[in-house]
Amino acid sequence: MSLEMVRLIVGALFILMLCALVWSVIHGRKIAKTEVTDLVFGNPVKALGGWYWVITGVSSILLLWFYFSWDAARAFFPNAANEMCQVAKVDSELNAMRSTFPMQSRLLKGTSFLDREGKLIDRTRRTINKSDIDVGLRDRYLLAADSVDKLLLSRVAEDSLTAENKAALSDIASKIDAVTANLADPGFPGPASDAEQKAGYEQPGWGEGKKEIPDIPNTARGRKFNNVSAQVKAISSEFAKIRNLDDGYKADIKRTSDELKALQASSSAEDAAQAKIITKSLDKILKRIDDGNIFPPGALVSVEDSLKRFNAEQSKQEGSLKFIDAIAMPGGEIRAGSTACTEQGSGRWLPKPSDTLATLVNISDPTVGFKAVPLLWYEWKPASEMLAFFIPDWIADLIPGEYPRHTSDGSINTNLKTKVLNFATGNYNSFSLPIPAGHLWDSIMRVLSGLFLGIVLGVPLGLFMGLSRFAKGFFDPLIELYRPVPPLAWAPLILTIFGINDDGKIFLLFMVAFAIMVISARTGATGTHLSKIHAAHSLGATNRQIIRRVILPNSLPEILTGIRIAIGVCWGTLVAAEMLAGTTGIGFIENVARKQSNYEIIWVTIILLGLLGLLFDLIMRWIITKTIPWRGKG
Amino acid sequence: MSDLVASSLDMTFPMPEGEKVEALKDISFTLKQGELLSVLGPSGCGKTTLLNIIAGFLLPTGGALTLGGEPITGPGVNRGMVFQQGALFEWLTVSENVDFGLRMRGAKKKETRPKVDEWLEIVGLQGFGDTPTYQLSGGMQQRVALARCLINDPDLILMDEPLGALDALTREKMQSLVLKIWKETGKTIMIITHSVEEALLLGERLFVMAPRPGRLHKEYRLPFAEWGLQQDLREVKARPEFAENRDEILSMIWNMEEEIMGGNA
């Protein structure tokens, strides 16, 4: 099947789909008019018809296919990428040459050049006519524009092409034909040498080594394209050197350029600015003409024909690769760079699921981790340090006496004060306990610490504000002053004040959780039915008991909903804060991966965050059904 | 004797515009121990305000109120309350609701158990002790509210439209229960209601209140509560005396409502 046929079919399918889309909109509107619908819910049952499932199914299958296609391509056609890499080498060598002809664009490069520069010259003429410079100067500028125009047009005359260039172009055409013959020859380039074969087999496979795609040809087709790419490279650079220029023409360009400069120099003071503009725009056109890329219309026909034959043969030789590319690599392709072949498009930013999983497994290994920190592991920590965390160091200062000084023989005597200080700072031998550690743990701990502080301080204050007009009046402005600002807007300030370690992030999360918890606890407290409080009063409960036994449990639904919201917001804020500053955490990983363009790790962090969010929400839902089963039933 | 004595009670609420609303004016009555009083009146006549003053949630702006000689200055355990609905603590089980008052005053859960079981049996909820209250029907919830109030052994039981949200059948059963409890415990009970039938059935004495300002309009002494203890409530309702009283009070309240509407127009 030829490329034209494929394009025809794809085009027809596309038009058909467009028609179907328009028809379905019209038909849908017609149905919607006649349908009996409920005012509130419409007619949701109708959507369960057969076509609904067809549409849903197709969209799901497309999505799944988009995700798994590159993986499928690698599984079913392990050599395809290697072969496509060789084809891509040919394409990249020929790119400059093909762009000269109407192959990648609509017009011959020379045609569009002539068109564009002609228009520019006309525009400059209009600028000259409209300008209010000296009449003599204006006439001389118009003459200069005419000579630029003439220079441009002289290159499209058939006789402008030198005999030398003519010979060179027909030489290139015949060289291309020779390469095309090689491409078509099933025997070319002959059997691989042992060394070539060995190199091909020993290189890591697709997605296995450091290089994304093995670039030493592995198959007969690959070797053919690889050899051809070397040949077209030579032809392409030869073609690029041909310039439609000769010495006389160069002299003419030089003269015109000098004339333009002289005109500008001779202009009077008040004309200088406008003269400069005119000189500059004509000079730019001259410089582009000087590049010598305009040829007479017939000059390149033989090269173009040869190249077209080459293209047709290339398409024929690619064969099945074209279909693998179209179906198994949607939205992407394999491109050859100067050093290696790479996956581009969806193959790049949507890494294969198996690669993403392998990356996750790899960085989950505690000895690998990410930046020498494991993802989630444990480490042995002495119990003394943990105990010391809860004991303030200043208790040692309270003991009467002074800390010992060193003696003249260099030893330091201990006294009770030093012993207490050692105890308070954890400076003694104790047994060790395994403590979780790693990026994931750090992020989780930050969220939980911020959330914990927010709940412990926010809920009592919220209840207090719900019960006391004074508390509401005093604290409301304080909270409402910082709450409307997006938490991330505070991050740079907070992280600067508290430093980039845990303190700053925990304080930021505390701010987020605190505001949410205050508001939800306050709503819960004010929502307590007066008859419940009256009932508790007449049953003999004191005010304190009413707060503890009636208002707090009655506010639990609001408080738990607040916690659920706060967890979500805290995660969002934490990831962004970790991206801003820090050395551990999921946000840190993602930010480093972004800087390295490591899409697999970016996806791993996205998936981990999604799973964590889901896990926390499930836990909260479980807590909610366990603790407040009466919600909505009271 | 712990009688409830109200002498010329006044209650005025200040309005934002500076005027004052007289919710209650010059209310005087004596409720002897063991009496069953129902209070009836059109909406806005100050029934609930009166009840809240007796419960101690509001302080009257004038007059005096004593229970057993002691002036009422705030809520107290000697006055139990039963509300319309939604005053149960949903987060507690039935028995935790019932012994709430005892526990708040320092009793241990174990000690209260026999008392709770006894009261649950009286209100007809034996075996429901560990059920969460949100799983109960409306009638059962009101039984819990009754038990919760009675377990404190109050001198006076105040009921604010306790059966207002129940369906007709459940309501009738609950009316019998209230009568039974009144008879068996000999408590003083004051019930506020808008149902004329209920007021007639559950009132040894019946106050009809009138609005603007809220005042006692007429007092009845009725035999139906006594009769209701001996025979079926439906038979009591079918008696001609019952119908007579009902029609008289209905037209009285009807006229008051008319007056209010006319006054507004």
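Which residues of α1(B) are buried? Let me start there, everyone. The buried ones are Lys47(B), Thr49(B), Leu50(B), Leu51(B), Asn52(B), Ile53(B), Ile54(B) and Ala55(B). Helix α1, spanning residues 47-55 of chain B, has nine residues and eight of them are buried, so the helix is mostly covered. Right after α1(B) comes Gly56(B), with a positive phi of about 95 degrees. Please keep in mind as we go that this is a predicted model.

So, on to the sheet in chain B. We have an open sheet of six strands with mixed pairing, and the order is β6-β7-β8-β3-β9-β10. At the edges sit β6 (79-82) and β10 (215-221) of chain B, each pairing on one side only. If you ignore direction, neighbouring strands here are turned by 20 degrees against each other on average.

Now the helices on that sheet. Our friend α1(B) packs on it, touching β3, β6, β7 (156-160), β8 (188-192) and β9 of chain B. The direction of α1(B) makes about 150 degrees with that of β7(B). A second helix, α5 (residues 138-150) of chain B, also packs on the sheet, and its partners are β6 and β7 of chain B. The direction of α5(B) makes about 175 degrees with that of β6(B).

Let's look at two of the strand pairs. How many bridges join β6(B) and β7(B)? Four, and the pairing is in the parallel sense. Within this pair, Gly80(B) stands opposite Ile157(B) in β7(B). Further along, β3 (residues 36-40) and β9 (residues 205-210) of chain B also pair in the parallel sense, over four bridges. There, Leu40(B) faces Val208(B) in β9(B).

Here is a little detail about the edge strand. In a regular strand, side chains alternate between the two faces of the sheet. In β6(B), Arg79(B) and Met81(B) point one way, while Gly80(B) and Val82(B) point the other way. Are these four buried or exposed? They are all buried.

Over to chain A, where I picked two helix pairs. The first is α3 (residues 80-98) with α8 (residues 220-241) of chain A: their axes come within 8 Å and cross at roughly 10 degrees. That is why we call α3(A) and α8(A) roughly parallel to each other. Among the residues making the contact are Val87(A), Val90(A) and Leu94(A) from α3(A), and Phe225(A), Val232(A) and Phe239(A) from α8(A). By class, the residues of this contact divide into 10 nonpolar, six polar and five charged.

The second pair is α23(A) with α24 (residues 586-595) of chain A, whose axes are 7 Å apart, at an angle of about 50 degrees. These two helices are therefore oblique to each other, and their crossing is right-handed. The contact includes Leu574(A), Val575(A) and Met579(A) of α23(A), together with Ile586(A) and Phe588(A) of α24(A). Its residues split into seven nonpolar, two polar and two charged.

Last stop, the interface. How many residues of chain A are in contact with chain B? There are 17, and they meet 21 residues of chain B. On the chain A side, α22 (530-538) and α23 (543-580) each supply at least two residues. The largest share, six residues, comes from α22(A). By class, that side of chain A has seven nonpolar, eight polar and two charged residues.

That's my tour, thanks for listening!

Conventions. Residues are numbered from 1 along each chain as its sequence is written. Chains are lettered from A and ligands numbered from 1 in the order in which they are written. This is a predicted model: local features need pLDDT of at least 70, side-chain atom pairs count only at pLDDT 80 or more; totals for chains, interfaces and linings use all residues. A residue is buried if 20 or more other C-beta atoms lie within 10 Å of its own, exposed if 12 or fewer, and partly exposed in between; C-beta atoms are placed from the backbone. Two residues are in contact if their C-beta atoms, placed from the backbone, lie within 7 Å. Ala, Val, Leu, Ile, Met, Phe, Trp, Tyr, Cys and Pro count as nonpolar, Asp, Glu, Lys and Arg as charged, and the others, Gly among them, as polar. Axes are lines fitted to C-alpha atoms, for helices over the stretch in contact, and angles run from 0 to 180 degrees between N-to-C directions. Angles under 35 degrees count as roughly parallel, over 145 as roughly antiparallel, 65 to 115 as roughly perpendicular and the rest as oblique. A crossing is left-handed if the near helix is turned anticlockwise from the far one by less than a right angle, and right-handed if clockwise. Two strands pair if DSSP finds at least two bridges between them.
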